[in-house]
Amino acid sequence: MDFTKRLIALSFLLSGLYSISAIHYVQAADSRQPEPLLVEVFFNKKSAGTLICYRHQDTYWVPFDLFIQQTKLKGQPAENGTVSYQTTLGVLSHAPESLKVIEDTQCISFDQLEKSFYVKGRFVQSVFALALDVPWASGKPSRKKAAKPVITPDIQAPSSSLSFLRFEPQVSYEFNDNTNRDLLIEAGGRFANGVWDITFEGDPTTRFRPSRYHWTTYNNNSVLRAGTGSSDPFSLLNDLDFTGIQVGWNNQTILNQLDFERYSDSDAFLSLDRTQQRTIEGNAPPASIAELRIEGVVIARQRIGLDGRFRFPNVRMTSDPRRTEIYIYERTLREKPLTIIDYTMSILNRTLPAKELLARAGGGVVGNPLNQNESDSTSWTGFGHIIYGVHNRMTIEAGIQYNPENINREVFAGTVLSIGGNWGIALYGGRSNDRYATDFRLEGKGTDWSLSYFGRLNQENYSKDGKEKQKNHSLRFSTGIIKPFDLLLYGRYNKTGNEPAEKYLLPGAYWYVMPSLMLSALPNDEEQYRYEANMNVTSRSDLSVTYEDEIIAADLDYDFSRSLQSRALYSHAFSTGNNVSSLYFDWYPKGNRFNLIRLGASTSGSQTGYSVAWNKFINAGLELSLQYSYNMNNALRLETEDTFSNFVPPEARQYIAFALTWDLGRSSKRFYPINRTTISHTRGGLAGSMKIINETTLKPDDINNVDILLNGKKLNQRQVDGSFFVGNLKPGVYAVDVDAENLPLELNIPNKTTYVEVMSGAVSEITIPAFVEYSIAGQVTDTRSIALENRKVTVMDEKGNVIDHAVTNLFGYYRTKGLQPGDYTLSVSDVKREVVIKDDYIYGIDFTVREETTPAVLHEKETRAEKKNTARPDTSLTNGENHLQ
């Protein structure tokens, strides 16, 4: 877009090429001389007029008197020869000797402005202007902290009882006449100062009943939920699912446990230890890549959609000390990761600050009464749980629940200690079915080392009759002290009943041979080693070779372009002699990461297979996936990379599958495409569209890259065919703006900022009007072809109404702005011209007017024009009343 603006600016200056050539000639003659520039100067985006400034020694110089006048500074001489100025930022000092006299004008450089006055200056090529950003005002700083102004929102949050809908049908047909169907429907909204949600899922042709439903209301200290729930105690006790009431209370604020990134349909609605969840989810840029790694080994990979959410279900974390990380790549795996998110289990996540108390309780009927297969109307359960921060380094907790399966009250208690800045210890004990269990955890972390230990002992018949005695121990130690090696020690000891114990203690290592080559040898749970070599072959390709369980596999990735990527895989089993070769091509038409076509082929012995898949995000809430596969069920090793891997049966040989995710958010007026997962009992969303009001040749795709700003920040959410959605927002009032960086040059947003109220469980609606506007430019000369300065150019619409004025600059050039498509009449003195604007800027609308000029005046004009011929003309300048965009 910057390149387009420059082209327009250059074409606008064509008629001043003679003067520009003169400037270049002067520079060539003596590059040490200051270069005069006729530019418009802006202070905090407000024009100060068109003035002569200078470029010298690779920086820009502006008149110092202009700076003092515009900022209204009043200087006071200081003892050290400097001058001090009172500002709201404090007292600023400036040394007058840093000023430079250029053509009898005292000037200050951009460098000195930033050093002495904290003012940043920049040259804006698109409008040929200098812009200065002043972060203070003249005067003394206020001693009182300014109170935040109360903002009245332009758009109120809706009080609609229905806020969101999600439809997620999946259908696959195997060519042996076996059809699999699944349908998920979610709905929710606000009711009685709370948020409700309900979920239906299953095969609609057989059984389709609500699986989860809740109503949640809260304030700063307490929360109440009715509906399906889970006791969610410490891992020593089993979760109990029920339908009834849950309450929570915190003497500080309960939002720390209540407000976190999780679906509002989760039955465990308070977060006590987020590292113990079995589903890893979070936020990342839309269309980026999320990669799950456990101890550096890639376990799963998925492409992130428009909602910017990644989700890896069923990840074992509750008793695993191994390093668990999510790598986020913006576009391709060959790039350096945008970020690495550490999800490794930490016992310190269950701690509370000193004097903070969290209590929660709940109870009801076991199971789900609305689903007969998950209900036991004769059994009741209940639980209570309390956590208290004795000290910033010590937290204690205890809980009790009634388990109808063993007709027993189960209890647990424990403490978490933080020792120094490196160590954490946790000790818990539990009682269930009149038997006991204990849990001990130890972790330490330094600059170049880490240690994790997990141990658990269960008595026989603990939790339920018939359960065998268990002993479990896990140890992990790593260090990076010995460069270029990262050394690892991993051990396990598992014993169940009288069976032989599974025990081992094995070393591992990462060897960073060079920046482009890494070798590793890591033990797995089967006391075997996984050997891997990762090599960055070229800037466009990576090669990974692994050996594990007598199988060698190679994985080569190659990027042909931003639109086309490939992946080749080869596996060979030494025990059977079988091998599988696969080749995939990922095509993103026109580089659009929201539209993916994948072609794949594989061969194994005499068998071949192939697949075709299409995945497209229609808008922020609508995703479509279609796939045909023949004999390809085991060709791709990363399960979650295949859209249908968790839906199509693994033994399916030939099938066609279809999946659709359609999220709709309802405001007070209409439905919008949204991401339902970001609307919860503590978070809301903002949906809307940018609507081009007048006719234009612009297409919806032309504004897809336009960012929506919330409180001045980009949230990686862009237009999709004119619509956008920003979710996961805390309740409050947000300033919504459009980032003009990628906005088409001809589009104008008249309302710069709109304040929108957001409420939890609701979707607020905003429509941002955009107008296509163009400009008319030209030159005004007299009959002798001499440019006329300060001549007014009047613009009238087809009804004769005056809608704009422009004034010619030193070289007779003018430019009007903000003209929508239509018929216009331009006039200078008694000369008129008719102009029709359709879908482009109009240049070369010149005027020749008659002027009575005496020889003396004419000579004076010619002399002045010759004197200024080193200044670069700017045809984009007007009467100095423009505002910098």
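In what order do the four strands of the open sheet stand? I began with this question and worked in a predicted model throughout.

**Entry 1. The four-stranded sheet**

I read the order as β19-β18-β21-β22, with antiparallel pairing. The edges are held by β19 (297-303) and β22 (339-342), each of which has a single partner strand, so one side of each lacks a neighbour in the sheet. From one strand to the next, I noted an average twist of 20°.

I then followed one pairing inside this sheet. Strand β21 (residues 324-329) and β22 are antiparallel and share four bridges. Opposite I326 I found I341, which belongs to β22.

**Entry 2. Strands β4, β5 and β6**

I next looked up β5 (residues 83-87) and its pairings. Of its five residues, four are buried, and I recorded the strand as mostly covered.

With strand β4 (residues 75-77), β5 runs antiparallel, and three bridges join the two. One bridge partner I wrote down is S84 in β5, which is matched with Q76. The two strands form a hairpin with five residues between them. In that turn, G81 has a positive phi of about 90°.

With strand β6 (residues 90-94), β5 also pairs in the antiparallel sense, here over five bridges. T87 stands opposite G90, a residue of β6. How many residues does the hairpin from β5 to β6 pass through? I counted two residues in that connection.

**Entry 3. The hairpin of β53 and β54**

I turned to another hairpin further along the chain. Strand β53 (residues 792-797) and strand β54 (residues 802-807) are paired antiparallel through five bridges. V793 has A806 of β54 opposite. Four residues lie between the two strands of this hairpin, and G800 in the turn takes a positive phi of about 90°.

**Entry 4. The two sides of helix α4**

Which residues of α4 are buried? In this helix (residues 110-117), I listed F110, Q112, L113, S116 and F117 as buried. These residues span an arc of only 160° around the axis, and therefore they lie on the same side of α4. I checked the other side of α4 as well and found D111 and K115 exposed there. Just after the helix, Y118 has a positive phi of about 55°.

**Entry 5. E186 and its partner**

I located E186 in strand β12 (residues 178-191). Is this residue buried or exposed? Its relative accessible area is 5%, so I entered E186 as buried. The side chain of E186 makes a polar contact of 2.3 Å with the side chain of R676.

**Entry 6. N392 in its loop**

I found N392 in the loop between β24 (375-391) and β25 (394-403). With a relative accessible area of 56%, N392 is exposed. I then set aside its neighbours within four places in sequence and looked up what N392 contacts; P353 and A354 are in contact with it. For A354, I noted that the backbone nitrogen lies 2.9 Å from a polar atom of the N392 side chain. I also checked S418, which is 26 residues from N392 in sequence and 8.1 Å from it in space, C-alpha to C-alpha.

**Entry 7. Cysteines**

How many disulfides does the structure hold? I found zero disulfides. Such a bond is a covalent link between the sulfur atoms of two cysteines. I therefore looked up the sulfur distance for C53: the closest cysteine sulfur is that of C107, at 7.3 Å, which is too far for a bond. The cut-off I needed for this step is 2.5 Å between the sulfur atoms. From the side of C107, the nearest cysteine sulfur is that of C53, 7.3 Å away, and C107 is in no disulfide.

I checked accessibility for the two residues. C53 is buried, with a relative accessible area of 1%. C107 is buried as well, with a relative accessible area of 0%.

Notes: Residues are numbered from 1 along each chain as its sequence is written. This is a predicted model: local features need pLDDT of at least 70, side-chain atom pairs count only at pLDDT 80 or more; totals for chains, interfaces and linings use all residues. Side-chain values use heavy atoms; hydrogens and water are left out. Buried means under 20% relative accessible area, exposed over 50%, partly exposed in between (1.4 Å probe, protein chains only). A polar contact is a pair of N or O atoms within 3.5 Å; within protein, one must be able to donate a hydrogen and the other to accept it, and residues adjacent in sequence count only if both atoms are side-chain atoms. The arc is that of the directions from the helix axis to the C-beta atoms. Two strands pair if DSSP finds at least two bridges between them. Axes are lines fitted to C-alpha atoms, for helices over the stretch in contact, and angles run from 0 to 180 degrees between N-to-C directions. Contact means heavy atoms within 4.5 Å.
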